[in-house]
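This report goes through one structure by topic, from its nonpolar cores to its charged and aromatic pairs. The sequence and coordinates come first.

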Amino acid sequence: MIEETDEESLKTDLTELKTKMQERFEAHSDFAAAYEELTGLQKELYDMLLNEETELQSLQEKAMEVNEKNTAVQESVEVFNERTEQFNEMKDKVIEELEKEEK
């Protein structure tokens, strides 16, 4: 589709849109990886809670680790949301340009 259009500015917009889409996919991948790590840490914490021999110090350390990973997950969600917003704005702009060309 990028090669089919003759207008240089539209080609540039479509290339930028593709880049934004790739950035969004990367942000989603980062979020998914962080979330997977968080769920693993949460499982470890819950398993520790079930074990009566677990020391309080170990529980506190694991809880801190879970909280830190939760913060990282929240940050990755924010980045993903920002990239999604940027992508959607650019997509709307490109669609408007394509509609103008059709007329």
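## A buried serine in helix 2

The model is predicted. Ser76 is located in helix 2. Its relative accessibility is 11%, so Ser76 counts as buried, the limit for that class being under 20%. The side chain of Ser76 reaches a backbone partner, the oxygen of Val73, at 2.8 Å.

Beyond its neighbours within four places in sequence, Ser76 is in contact with Phe31 and Ala34. Ala34 also belongs to the largest nonpolar core, as does Val73. Phe31 lies in helix 1.

## Nonpolar cores

The largest nonpolar core has 8 residues: Ala34, Leu38, Leu41, Leu45, Met48, Leu59, Val66 and Val73. Two elements give two or more residues to this core, helix 1 (8-50) and helix 2 (56-102). Helix 1 gives the most, with 5 residues. Apart from this core lies another, of 6 residues, which include Leu10, Leu17, Phe87 and Val94.

Within the largest core, Met48 can be followed further. With residues up to four places away in sequence not counted, Met48 touches Thr54, Ser58, Leu59 and Lys62. Of these, Leu59 is itself one of the residues of the largest core, while Lys62 takes part in a salt-bridge network. In soluble globular proteins, nonpolar side chains tend to be buried together.

## Ala27 and its contacts

Ala27 is a residue of helix 1. At 2% relative accessibility, Ala27 counts as buried. Not counting residues up to four places away in sequence, Ala27 touches Val79, Phe80 and Arg83.

Along the chain, Ala27 and Gln42 are 15 residues apart, and their C-alpha atoms are separated by 22 Å.

## Salt bridges

A search of the whole structure gives 8 salt bridges. One of them joins Asp13 and Lys93, with 3.7 Å between the closest N and O atoms. Because Asp13 lies in helix 1 and Lys93 in helix 2, the pair ties together parts that are 80 residues apart in sequence. The two partners fall into separate accessibility classes: Asp13, at 11% relative accessibility, counts as buried, whereas Lys93 is partly exposed, with a relative accessible area of 43%.

Asp47 and Lys43 form a salt bridge at 3.0 Å, N to O. Both residues lie in helix 1, 4 residues apart, which is about one turn of the helix. Asp47 is partly exposed, its relative accessible area being 39%. Lys43 has 53% relative accessibility and therefore counts as exposed, since the limit for that class is over 50%.

A further salt bridge links Asp92 and Lys91, whose closest N and O atoms are 3.8 Å apart. Asp92 is partly exposed at 39% relative accessibility, and Lys91 is partly exposed too, with a relative accessible area of 29%. Glu44, Lys62 and Glu65 are joined into one network by salt bridges that share partners. Side chains of opposite charge can pair when their charged atoms come close.

## The aromatic pair

The structure holds 1 aromatic pair. It is formed by Phe31 and Tyr35, with 6.0 Å centre to centre and 35° between the planes, and is tilted. The angle explains the class, because planes under 30 degrees apart count as stacked and those over 60 as edge-to-face, with the rest called tilted.

Phe31 and Tyr35 both lie in helix 1, and at 4 residues apart they are separated by about one turn of the helix. Phe31 counts as partly exposed at 23% relative accessibility. Tyr35 is partly exposed as well, with a relative accessible area of 44%. Phe31 is also one of the contacts of Ser76, a residue of helix 2.

## The loop between the helices

Which residue is found in the loop between helix 1 and helix 2? Asn51 is found there. Asn51 is partly exposed, at 40% relative accessibility.

Between Asn51 and Glu96 there are 60 Å in space, C-alpha to C-alpha, and the two residues are 45 residues apart in sequence.

Methods. Residues numbered from 1 in each chain as written. Predicted model: local features only at pLDDT ≥ 70, side-chain atom pairs only at ≥ 80, totals over all residues. Heavy atoms only, no water. Core = buried A, V, L, I, M, F, W, Y, C linked by side-chain atoms within 4.5 Å. Buried < 20%, exposed > 50% of the residue type's maximum accessible area, 1.4 Å probe, protein only. Contact = heavy atoms within 4.5 Å. Polar contact = N/O pair within 3.5 Å; in protein donor to acceptor, adjacent residues only side chain to side chain. Salt bridge = Lys/Arg side-chain N within 4 Å of Asp/Glu carboxyl O. Phe/Tyr/Trp six-rings, centres within 6.5 Å; stacked < 30°, edge-to-face > 60°.
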